Amino acid sequence: MTATATARAASPALTVDLVTDGPAFAALAPAWGRLFGRCAAATPFQSHAWLHSWWLSYGRPGRLRLLVVRAGRDLVAAAPLTLVGRPLPALVPLGGGISDYADVLLDDTDDGRAAGALAGALADVARTALVDFREVRPGGAVERVYDRWRGPRRTVDDSPCLELPAVPMDELIARLPSGKSGQRARAQLRRLTALGVRRRTVGPEEVDAALGRLLELHRMQWQGRKVTSEHLRPRFRAHLVRAVGPMVRAGNAVVTEFRIGDDVVAVDLTLLSGSLAGGYLYGAHPGLRERKADVAVMLLDACARHTADGARGTLSLLRGDEPYKHHWRPERVVNRRLLMARRATAPLLTAALCGATTRQRGREVRHRWRERGAETS
């Protein structure tokens, strides 16, 4: 017997379990956290605190489909999914709608056995439904599952995300397209100092109160303008409060307050994983803009400080193609949508592709118009 064969023979047998109830999902937190740390592709949106809290706010009873793969007692893979009936019967990742990235967790040391076991289990659980992974960041762990899928499958573009290198603010300013742009950015930083803006990282015991201030400031800043309505709903507030405290304690989130004197004028929530930092949500008092404070520069400066140690490779501006983000010359990285079907459910795959093509054409038209506007401004 060769050394490789001996090692394989000594490897623990894999077992796959399907979790369908909330308490069992909650009990996975310690093992999930260890696996999260062994999956380099994981984003903050795959943390247990984020996903379990999402399930409590948005999940529908009887729809949880959480697949876990163990090697002996060790959790080596997990696919957090829920069953939906519209617009097509599908298994989709937890976190949809309010999460910028979706993925599975897969141990970095997996030799392909766990990915293969997860692919087989997904096919069994899907039955008459499509497996539809939206918003997968390129290089996501689920790509290894997709490679081992034995039925019809397709990959299409999904939402764009804008990414910067994880470097200090001085280096981000140096990337700007002209000397004048850099001078303006430095002047804006000096303006914040002159206004007396002070930054403070919030401790775990203060997170709940700080998030309350964030959401109130977020409501104020968008008053009278088009806002993401979900951010104003009680279920979103409940999700954020439940998720972020544990994430702060685990090092997967940072809440920052900005004060002038004794007044909190802005609060920022940045989410963290081993590979990236991403500014998720903020609230800023309208008075900051009246004082000619550049809120975008203030927030980017704070977020860049979370990547200054070089441990993370990416400072993500997350989903959205807003013009103000392009000022910093980010790289446009397009998320992927991975569709997997069984032979019997191939018509569902065709229907999903038709809808995806229509949406993609709309996005391309909007992107071209933005680029044309930037060229003529």
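These legends accompany several close-up views of the predicted model.

The model is predicted, so local features need pLDDT of at least 70 and side-chain atom pairs count only at pLDDT 80 or more, while totals for chains, interfaces and linings use all residues. Residues are numbered from 1 along each chain as its sequence is written, and side-chain values use heavy atoms, with hydrogens and water left out.

**View 1. The largest nonpolar core holds 78 residues.** A nonpolar core here is a set of buried Ala, Val, Leu, Ile, Met, Phe, Trp, Tyr and Cys residues joined through side-chain atoms within 4.5 Å. Buried means under 20% relative accessible area, exposed over 50%, and partly exposed in between (1.4 Å probe, protein chains only). Trp50, Phe133, Leu240, Val244, Val255, Leu269 and Tyr280 have the most contacts inside this core. Its biggest contributor is helix 5 (residues 113–126), with 9 residues. A second, separate core has 15 residues, including Leu162, Ala185, Cys303 and Leu317.

**View 2. Leucine 269 and its partners from farther along the sequence.** Contact means heavy atoms within 4.5 Å. With neighbours within four places in sequence set aside, leucine 269 touches Leu214, Leu240, Val244, Ala253, Val254, Val255, Gly278, Gly279, Tyr280 and Leu281.

**View 3. Helix 5 and the residue that follows it.** Helices (H or I, at least four residues) and strands (E, at least two) are DSSP runs, numbered from the N terminus. The expected span of a helix is 1.5 Å times one less than its number of residues. For the 14 residues of helix 5 this should be 20 Å, and the end C-alpha atoms are indeed 20 Å apart. Among its buried residues are Ala114, Leu118, Leu122 and Val125. Just after helix 5 comes arginine 127, with a positive phi near 50°.

**View 4. Backbone details at proline 87, glutamate 135 and leucine 318.** Most residues other than glycine have a negative phi, and most peptide bonds are trans. Going from arginine 86 to proline 87, however, the peptide bond is cis, with omega near 0°; proline 87 sits in the loop between strand 3 (74–84) and strand 4 (90–93). Glutamate 135, in strand 6 (residues 130–136), has a positive phi of about 55° and is buried at 6% relative accessibility. Leucine 318, in strand 12, has a positive phi near 60° and is buried at 4%.

**View 5. Aspartate 321 in its loop.** Look for aspartate 321 between strand 12 (314–319) and helix 13 (323–326). Aspartate 321 is buried, at 6% relative accessible area. The C-alpha atoms of aspartate 321 and cysteine 161 are separated by 7.2 Å, though these residues are 160 apart along the chain.
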